[in-house]
Amino acid sequence: KEERFTQEMKERVYINLLNNIISSIHEDIHIVFDSFNKSDFEYNIVHSIGSHKNVLSIEPKNSYDEAGIQFVDNLCSVIRLSYLDSKNNYYQIIKTKVVHV
(Lines give C-alpha, C1' and ligand atoms only; values in the text may rest on other atoms or scores of the structure.)
Protein backbone atom coordinates (compact mmCIF):
# COMPACT_ATOMS: atom_id res chain seq x y z
CA LYS A 1 0.00 0.00 0.00
CA GLU A 2 1.36 3.42 -0.98
CA GLU A 3 1.66 5.85 1.92
CA ARG A 4 0.22 9.29 1.27
CA PHE A 5 2.54 12.24 1.87
CA THR A 6 0.29 14.31 4.13
CA GLN A 7 0.56 18.03 4.81
CA GLU A 8 1.75 17.23 8.33
CA MET A 9 4.55 15.04 6.93
CA LYS A 10 5.57 17.75 4.42
CA GLU A 11 5.78 20.28 7.22
CA ARG A 12 7.92 17.99 9.40
CA VAL A 13 10.26 17.28 6.47
CA TYR A 14 10.51 20.99 5.65
CA ILE A 15 11.36 21.95 9.23
CA ASN A 16 13.82 19.07 9.53
CA LEU A 17 15.56 20.17 6.34
CA LEU A 18 15.76 23.76 7.59
CA ASN A 19 17.19 22.54 10.90
CA ASN A 20 19.84 20.56 9.02
CA ILE A 21 20.76 23.57 6.91
CA ILE A 22 20.96 25.90 9.92
CA SER A 23 23.06 23.37 11.84
CA SER A 24 25.62 23.36 9.02
CA ILE A 25 26.04 27.16 9.14
CA HIS A 26 28.49 28.44 11.72
CA GLU A 27 27.97 32.19 11.31
CA ASP A 28 25.20 34.34 12.74
CA ILE A 29 22.35 34.62 10.24
CA HIS A 30 19.07 36.37 9.52
CA ILE A 31 16.48 34.11 7.87
CA VAL A 32 13.67 35.05 5.54
CA PHE A 33 11.43 32.25 4.29
CA ASP A 34 8.54 32.13 1.87
CA SER A 35 5.27 32.64 3.70
CA PHE A 36 2.78 29.82 3.39
CA ASN A 37 -0.32 31.71 4.55
CA LYS A 38 -0.66 28.93 7.09
CA SER A 39 -0.05 30.61 10.43
CA ASP A 40 0.39 27.45 12.51
CA PHE A 41 3.06 26.12 10.12
CA GLU A 42 4.85 29.48 10.02
CA TYR A 43 4.72 29.60 13.83
CA ASN A 44 6.30 26.13 14.02
CA ILE A 45 9.04 27.18 11.60
CA VAL A 46 9.85 30.37 13.52
CA HIS A 47 9.97 28.61 16.90
CA SER A 48 11.91 25.56 15.73
CA ILE A 49 14.46 27.37 13.59
CA GLY A 50 14.63 30.43 15.83
CA SER A 51 15.89 28.27 18.68
CA HIS A 52 19.31 27.93 17.02
CA LYS A 53 21.85 30.19 18.73
CA ASN A 54 23.19 31.54 15.42
CA VAL A 55 19.76 32.67 14.17
CA LEU A 56 19.54 36.40 14.84
CA SER A 57 16.11 36.77 13.25
CA ILE A 58 13.59 34.75 11.27
CA GLU A 59 10.48 35.93 9.48
CA PRO A 60 8.14 34.91 6.67
CA LYS A 61 7.90 37.10 3.57
CA ASN A 62 5.88 36.84 0.38
CA SER A 63 8.10 35.53 -2.43
CA TYR A 64 6.22 37.79 -4.85
CA ASP A 65 7.81 40.75 -3.06
CA GLU A 66 11.21 39.21 -2.32
CA ALA A 67 13.62 38.72 -5.23
CA GLY A 68 15.95 36.66 -3.03
CA ILE A 69 13.25 34.09 -2.31
CA GLN A 70 12.38 33.93 -6.01
CA PHE A 71 16.05 33.26 -6.80
CA VAL A 72 16.28 30.48 -4.20
CA ASP A 73 13.04 28.94 -5.54
CA ASN A 74 14.66 28.80 -8.98
CA LEU A 75 17.82 27.19 -7.60
CA CYS A 76 15.76 24.59 -5.74
CA SER A 77 13.85 23.82 -8.94
CA VAL A 78 17.10 23.30 -10.85
CA ILE A 79 18.37 20.91 -8.15
CA ARG A 80 15.06 19.02 -8.03
CA LEU A 81 14.98 18.70 -11.82
CA SER A 82 18.55 17.39 -11.81
CA TYR A 83 17.33 14.38 -9.83
CA LEU A 84 14.68 13.75 -12.47
CA ASP A 85 16.82 14.40 -15.55
CA SER A 86 20.60 14.00 -15.46
CA LYS A 87 20.90 16.11 -18.63
CA ASN A 88 19.87 19.27 -16.80
CA ASN A 89 22.20 21.94 -18.21
CA TYR A 90 21.43 24.48 -15.50
CA TYR A 91 22.51 22.09 -12.76
CA GLN A 92 25.88 21.71 -14.46
CA ILE A 93 26.46 25.43 -13.81
CA ILE A 94 25.86 25.20 -10.03
CA LYS A 95 26.78 21.61 -9.16
CA THR A 96 30.18 22.44 -7.65
CA LYS A 97 28.48 24.83 -5.20
CA VAL A 98 25.71 22.47 -4.06
CA VAL A 99 26.12 21.15 -0.52
CA HIS A 100 24.16 18.09 0.55
CA VAL A 101 22.74 18.30 4.07
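**Helices, salt bridges, core and pocket of the model**

E8 and R12 lie four residues apart in helix α1, and they are therefore separated by about one helical turn. Helices (H or I, at least four residues) and strands (E, at least two) are DSSP runs, numbered from the N terminus. The structure is a predicted model, in which local features need pLDDT of at least 70 and side-chain atom pairs count only at pLDDT 80 or more, whereas totals for chains, interfaces and linings use all residues. Residues are numbered from 1 along each chain as its sequence is written, and side-chain values use heavy atoms, with hydrogens and water left out.

The protein chain contains four helices and two strands. Read from the N terminus, these elements follow the order α-β-α-β-α-α. Along the principal axes, the C-alpha atoms of the chain fill a box of roughly 40 × 40 × 30 Å. Of the 101 residues in the chain, 24% are buried (relative accessible area under 20%; exposed means over 50% and partly exposed in between, with a 1.4 Å probe and protein chains only). Contacts (heavy atoms within 4.5 Å) were also examined by separation along the sequence. Among those between residues at least 6 apart, 59% join residues at least 24 apart.

Three salt bridges (a side-chain nitrogen of Lys or Arg within 4 Å of a carboxyl oxygen of Asp or Glu) are present in the structure. In general, side chains of opposite charge can pair when their charged atoms come close. E8 and R12 form one of these bridges, with 3.0 Å between the closest N and O atoms. With a relative accessibility of 54%, E8 counts as exposed. A salt bridge also joins the side chains of K38 and E11, at an N to O distance of 2.9 Å. This pair connects distant parts of the chain, since K38 belongs to the loop between β1 and α2 and E11 to helix α1, 27 residues away. The two partners differ in accessibility: E11 is buried, at 10%, while K38 is partly exposed, at 29%. The side chain of K38 further meets that of D40 in a salt bridge of 3.4 Å, N to O. D40 has a relative accessibility of 43% and is thus partly exposed. Together, E11, K38 and D40 make up a network of salt bridges.

The nonpolar interior was considered next. In soluble globular proteins, nonpolar side chains tend to be buried together. The largest nonpolar core (a set of buried Ala, Val, Leu, Ile, Met, Phe, Trp, Tyr and Cys residues joined through side-chain atoms within 4.5 Å) consists of 11 residues, namely I15, L18, I22, I29, I31, F33, F41, I45, I49, V55 and I58. At least two residues of this core come from each of α1, β1, α2 (39-49) and β2 (55-61). When neighbours within four places in sequence are set aside, the contacts of L18 are with I45 and I49.

The largest pocket (an open set of points on a 1 Å grid over the protein atoms alone, where a 1.4 Å probe fits, with protein on both sides within 12 Å along at least five of seven lines) holds about 1200 Å³ of space. The volume is the space filled by probe spheres set on the grid points, which are joined across faces, edges and corners. The lining (residues with an atom within 4 Å of a point) comprises 29 residues, of which L17, L18, I21, V72 and C76 are the closest to the pocket centre. The elements giving two or more residues to this lining are α1 (7-23), β1 (29-34) and α3 (67-84). Helix α3 provides the largest share, with 10 residues.

Two further residues were examined individually. D34 is located in strand β1 and is partly exposed, at 22% relative accessibility. Residues up to four places away in sequence not being counted, D34 touches K61, N62, S63, I69 and D73. The C-alpha atom of D34 is 26 Å from that of T96, which lies 62 residues away along the chain. N88 occupies the loop between α3 and α4 (89-94). Its relative accessible area is 10%, so N88 is buried. Apart from neighbours within four places in sequence, N88 is in contact with V78, L81 and S82. The C-alpha atoms of N88 and V78 are separated by 7.7 Å, the two residues being 10 apart along the chain.
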